Amino acid sequence: MKSYTFCGLAILIGLLISCSEPLKRDAELVNHIDSPAGENSSLPNLFSNGDKTLMSWVEKKGDTLVSLRYAELKDGEWQTPHEILQGTDWFVNWADFPMIVENQGNLLSHVLKKSSAGTYSYDVKLNVLPKGSINWATNLALHTDGTQTEHGFVTAVPCKAGSFFVTWLDGRNTLEKEDGSRGAMTLRAAIVSEKGEVSKDTLLDNRSCDCCQTTAAITTNGPVVIYRDRSEEEIRDISIVRQVEGKWTAPKVIHSDNWQINGCPVNGPKVASLGNNLAVAWFTAAGDQPKVNLVFSNDGGEHFDPPIQVDEADAIGRVDIVLLDADTAIVSWMESKDSKAQLKAVKIARTGKKSEAIRVTQMDGSRNSGFPQMELVGDKVYFAWTDFTKDVSKIKTAYVSVVQF
């Protein structure tokens, strides 16, 4: 009996040691840095183009006032934050968050502004700070349909001559008709100049998923947009549209998960690009099997390799991705763990070879934690997320050296 008890205790100690070793390893690899955001901050958005690294976020001030702020990363430290604008009539949502992007010294950001008392009735309003300017031009219209419907899930990326390629979900067709029916959410795109002038407003898909994030990249061939589509049979797989020789292709599913779901999963894809090399990560729960997938393309998204499963188990999604080279990506995602959630990241080669996943942080698994962000800056991968503890939210940031993956 004594020997049995001793063996049982030895096994328990061994398990505890084996479980603690990965946590110790992760703690040594993840370098936390002081965040520029204050209390009641949330919805971080990271942007980096090699020359400049920025983070935007929102901070609540009292019950109704919200501020959109941003800061620049220099020499591994966040600089003094700046405020873009404040508002009391914004739509502030855990999944549909403001962004910031830079191109040749020009800055572009956006907020969602309520257009009526309806819950999902808001417009995308742009803010621009042209190079050399001191003051932001704010509350500029991205779309001019004038409908009191949902507009959001914006992606903006730098394009030619200091301007920006912008894509978004547009609900102008969802107004209720006389017979009680409604049209579908649509996907649109446009070019926005450094002064906020909108041109080439184009319908890309007349039926998309209602509230999954969009993602976009500029390839050698031209811009591509990747998003969650929606068929008449409620199949909500990930599709791509590409601009080739000035014309947009028809939507094409990048891989047939055949995820049939009657409601939006609020879990969009993410793309990274180097020339015509693309890598796309996304969440699916087809067949009641939640997982995160990754695909590569070397021809600008015309064709994709078979998917590689990224996660180990219990995926929640909320993915992000960076490309180290044409055949190597780092993917981040959230997965559930003991009533909480973990933000993880892993390096994956096009061959399917994976590094040991790094646990970046433990976090709240609810909507309060939003969508963690990841960006490649030199030889480091930076992360930003919303820490929600004891009903208080605050953005935290950290990095992991690329060589540690």
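What follows is a chat about cysteines and strand pairing in a predicted model.

Biologist: How many disulfides turn up in the whole structure?

Modeller: A search of the whole of this predicted model finds 0 disulfides.

Biologist: Why is there no bond for Cys211?

Modeller: The closest cysteine sulfur to that of Cys211 belongs to Cys264, and because the two lie 3.1 Å apart they are too far for a bond, the cut-off being within 2.5 Å.

Biologist: And Cys212, which cysteine sulfur is closest there?

Modeller: For Cys212 the closest cysteine sulfur is again in Cys264, at 3.6 Å, which is too far for a bond.

Biologist: Is Cys212 buried or exposed?

Modeller: Cys212 is buried, with a relative accessible area of 2%.

Biologist: Switching to the strands, how many residues of β3 are buried?

Modeller: In strand β3, which covers residues 53–61, 7 of the 9 residues are buried, so the strand is largely enclosed by the rest of the structure.

Biologist: What joins β3 to β2?

Modeller: Strand β2, residues 41–48, runs antiparallel to β3 and is joined to it by 6 bridges, with Ser42 standing opposite Val58 of β3. The hairpin that these two strands form has 4 residues between them, and in it Gly50 takes a positive phi near 95°.

Biologist: Then how many bridges pair β3 with β4?

Modeller: There are 8 bridges between β3 and strand β4, residues 65–74, and the pairing is antiparallel; Ser56 has Tyr70 in β4 as its bridge partner.

Biologist: Which glycine takes a positive phi in that hairpin?

Modeller: In the hairpin of β3 and β4, with 3 residues between the strands, Gly62 takes a positive phi near 80°.

Key
Residues are numbered from 1 along each chain as its sequence is written. This is a predicted model: local features need pLDDT of at least 70, side-chain atom pairs count only at pLDDT 80 or more; totals for chains, interfaces and linings use all residues. Side-chain values use heavy atoms; hydrogens and water are left out. Buried means under 20% relative accessible area, exposed over 50%, partly exposed in between (1.4 Å probe, protein chains only). Two strands pair if DSSP finds at least two bridges between them.
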